[in-house]
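Please read the report below alongside the sequence and the model. It moves from the whole chain to single elements and residues.

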Amino acid sequence: MAEVTTLDVEGGKKFDIYVAVRRINPYVYSEVKKIDLNTDLPYTDLVTLERIGKTDFKYHVEFPEGVTSMKHVVIKKTDYEAIKSILAMFGTVTYETYLKVFGHPLSESTDIEHDKFAEYGFSEDIHIHSGTEFILMVGVPLEDGNIDPEQFQVIEFSTRPAGLCPYDIKVSIESTSTTATISLTPDPEITDYRVFVDKKSEFDYWRREGEAQVRSVVIGHWDDSTNPVPRAQTGNVVLNPTGLVPNTDYVVGIVGFDSERHECVKYIDFRTGEPVGPKPQIAIEAKPEEVTAPWKSAAYNVKIQNAVSAVYGYFLKSQID
């Protein structure tokens with residue numbers, strides 16, 4: 001007895017499935033059965049996931065009968081939780097309220113496909129990385145703009161993990177008080193890689209949201225020209241970040257890829273040195289005689305030595321506290 005559990009057929013079609021068996025005579029079929037198969041089935045869901053890859057996914061939004069407009073949005077789960085926490089002081093954030101505010105309008109049933117990133121044109125772009133949790137929301141807005149709770153659907157899913165790359169990227173670092181020389185030598189099997197340098201305190205902050213979040217920060221926007229600091233590299237490279245803070249712990253974050261898009265992830269710590277030269281000195285002197293309205297103005301004379309630049313600002317003490 002043979003069992004067929006999966007047939008690769010096209011949607012929206014009608015098929016006849018024939019099954020024939022031979023019992024004794026090898027040249028004569030002793031029994032033939034025909035089964036009808038109809039893949040032209042109506043959508044019962046507002047949204048259906050059709051494909052999930054490492055850095056891409058595709059879904060179909062189906063308009064219910066009589067509906068003329070819908071909204072959809074995809075967001076990284078950690079970003080949703082962060083926004084929910086920030087806005088908690090103003091009120092309760094739910095999937096429906098998030099879709100109402102940040103959802104993107106649709107006017108007809110459609111397939112939506114995102115590969116690496118999607119530029120919506122407003123709100124936040126989607127940056128898709130492997131092994132990352134996303135939330136997909138689709139709903140029908142009412143006349144007052146709120147999402148109809150009876151016509152709303154949310155799907156949580158994760159992109160496929162990339163798997164570990166068996167190859168390596170060798171790294172050596174030499175640092176001064178404000179600069180670093182970072183030499184990177186990838187194995188020949190590494191096709192390309194991303195590099196990002198920042199304070200260890202910032203990396204530790206991102207680590208609270210999990211490994212996927214840290215990797216997404218290192219990779220940044222897949223369109224490298226959009227990153228404030230370009231991160232895409234190939235071959236042997238020497239990077240020279242400047243403007244570093246003396247006596248501060250930093251991290252070099254690296255995500256490398258082989259031809260199968262497996263990932264080699266590395267984090268290398270280094271610390272900047274003591275500042276050189278004389279220490280800057282600042283003297284601040286109040287000038288009350290120059291104030292004509294002491295209840296709403298103030299004047300100070302600031303003298304700076306051994307410094308090439310300075311920044312200043314006025315703040316309420318309660319803000320500093």
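The text that follows takes up the overall form, then one helix, several loop residues and one pocket.

The structure is a predicted model, in which local features need pLDDT of at least 70 and side-chain atom pairs count only at pLDDT 80 or more, while totals for chains, interfaces and linings use all residues. Residues are numbered from 1 along each chain as its sequence is written, and side-chain values use heavy atoms, with hydrogens and water left out.

## Overall form

The chain holds five helices and 20 strands, where helices (H or I, at least four residues) and strands (E, at least two) are DSSP runs numbered from the N terminus. Its radius of gyration is 30 Å, whereas a compact globule of 321 residues would have one near 20 Å; the radius is taken over C-alpha atoms, and the globule rule is 2.2 Å times the number of residues to the power 0.38. Along the principal axes, the C-alpha atoms fill a box of roughly 110 × 60 × 25 Å. Of the 321 residues, 32% count as buried, a term that means under 20% relative accessible area, with exposed over 50% and partly exposed in between (1.4 Å probe, protein chains only). Among contacts (heavy atoms within 4.5 Å) between residues at least 6 apart in sequence, 62% join residues at least 24 apart.

## Helix 4 and H129

Helix 4 (residues 211-219) is largely enclosed by the rest of the structure, because eight of its nine residues are buried. The buried residues are A212, Q213, V214, R215, S216, V217, V218 and I219, and what covers them includes strand 5 (70-76), helix 1 (77-86), strand 14 (192-199), helix 3 (200-207), strand 17 and strand 18 (263-271). The helix is followed by G220, which has a positive phi near 70 degrees.

G220 also takes part in the surroundings of H129: its backbone oxygen lies 3.4 Å from a polar atom of the H129 side chain. Such a polar contact is a pair of N or O atoms within 3.5 Å; within protein, one must be able to donate a hydrogen and the other to accept it, and residues adjacent in sequence count only if both atoms are side-chain atoms. H129 is placed in the loop between strand 9 (126-127) and strand 10 and is buried, with a relative accessible area of 2%. Not counting residues up to four places away in sequence, H129 touches K54, T55, F134, T159, S216, I219, G220 and W222.

## Loop residues

The loop between strand 16 (237-239) and strand 17 (249-257) contains T248, and N247 lies in that loop between strand 16 and strand 17 as well. The side chain of T248 reaches the backbone oxygen of V245 at 3.2 Å, and a polar atom of that side chain lies 2.9 Å from the backbone oxygen of P246. Leaving aside neighbours within four places in sequence, T248 is in contact with K199, F270, R271 and T272.

Most residues other than glycine have a negative phi. N247, which is not a glycine, has a positive phi of about 55 degrees, and N306 has a positive phi near 60 degrees.

The table lists the accessibility of some loop residues.

| Residue | Loop | Relative accessible area | Class |
|---|---|---|---|
| T248 | strand 16 to strand 17 | 16% | buried |
| N247 | strand 16 to strand 17 | 31% | partly exposed |
| N306 | strand 20 to helix 5 (317-320) | 45% | partly exposed |
| S309 | strand 20 to helix 5 | 60% | exposed |
| G145 | strand 10 (133-141) to strand 11 (147-158) | 23% | partly exposed |

S309 and I169 are 140 residues apart along the chain, and their C-alpha atoms are separated by 38 Å. G145 and H72 are 73 residues apart in sequence and 14 Å apart in space, C-alpha to C-alpha.

## The second largest pocket

The second largest pocket has a volume of about 360 Å³. Of the 13 residues that line this pocket, the closest to its centre are I282, I284, V302, V311 and Y312. On a 1 Å grid over the protein atoms alone, a pocket is an open set of points where a 1.4 Å probe fits, with protein on both sides within 12 Å along at least five of seven lines, and lining residues have an atom within 4 Å of a point. Grid points are joined across faces, edges and corners, and a volume is the space filled by probe spheres set on the points.

Strand 19 (281-286) and strand 20 (300-305) each supply at least two residues of the lining, and strand 20 gives the most, with three residues. The lining divides into 11 nonpolar residues, two polar and no charged, where Ala, Val, Leu, Ile, Met, Phe, Trp, Tyr, Cys and Pro count as nonpolar, Asp, Glu, Lys and Arg as charged, and the others, Gly among them, as polar.
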